[in-house]
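Here is a structure to go through by question and answer.

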Amino acid sequence: MDDVAAIGMSRRGMLITGAACAATHALPAGASERQQGPSAAPPVTPVRLTVNGSDKELSLDPRTTLLDALREHLHLTGTKKGCDHGQCGACTVIVNGRRINSCLSLAVMHERDSVTTIEGLGTPEKLHPMQAAFVKHDGYQCGYCTPGQICSAVAVLEEIRAGSPSHVTADLTAAPPLSEAEIRERMSGNICRCGAYSNIVEAIREVAGRRQA
Ligand code: FES
Ligand code: FES
């Protein structure tokens, strides 16, 4: 007598049971709850933000990223979702003067914070100097990375003015130079699949008003 027969189950029954278990494990997450009926709505949390100078009050699922709050709830779709994993920089916005990847930050973490998106930098009629420089120097091709590039570039110049060193700053006691190496390092979190990097650097250097080797 083998082990299967010893526990009173036929080989066919064993196979059917095994297949049923495998199918259950293959169900998408949440499928079992759907079969049991609708679950309770997720709780919402009030969030107050100042976005491009306007006060906004939102009621959000606390898992909502700042990126989704901007795009899906405030309909500010200038900020782009590239990777949604902090790897491309397409979602860069400026929060309280510092650039962040909005896909990596929950909206509820920014209660009463001041958020600037590409829509808040300039308008088609009155471009921000960095926007105008990107146009002048062809700092884009498809344009998908461009809002993040421009927000990042604006913040980079503030970082340099404030004397914040980067990984390539040689002298930590002096003001960081506005060299191409500094700009490329500081902009390295913003990926451009079209490869417009050299033109982006030119645009940033023009706005900075300095051209150093
Ligand atoms: S979408 Fe946020 S870093 Fe790529
Ligand atoms: S302009 Fe196309 S990804 Fe940068």
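The turns below take up one strand and one helix.

Me: What kind of model is this, and how are residues numbered?
Reply: This is a predicted model, in which local features need pLDDT of at least 70 and side-chain atom pairs count only at pLDDT 80 or more, while totals for chains, interfaces and linings use all residues. Side-chain values use heavy atoms, without hydrogens and water, chains are lettered from A and ligands numbered from 1 in the order written, and residues are numbered along each chain as its sequence is written, from 1.

Me: Which residue of β4 stands opposite Ile94?
Reply: Strands here are DSSP runs of E, at least two residues, numbered from the N terminus. β3 and β4 run antiparallel and are joined by 4 bridges, where pairing requires at least two DSSP bridges. In β4, the residue opposite Ile94 is Arg99.

Me: Which residue in β5 is the bridge partner of Ile94?
Reply: β3 also pairs with β5, in the antiparallel sense, over 2 bridges. The partner of Ile94 there is Thr116.

Me: Within what arc do the buried residues of α6 fall?
Reply: Helices are DSSP runs of H or I, at least four residues. Buried (under 20% relative accessible area, 1.4 Å probe, protein chains only) applies in α6 to Met130, Gln131, Ala133 and Phe134. Seen down the axis, they line one face of the helix, because their directions from the axis to the C-beta atoms fall within an arc of 165°.

Note on methods: Buried < 20%, exposed > 50% of the residue type's maximum accessible area, 1.4 Å probe, protein only.
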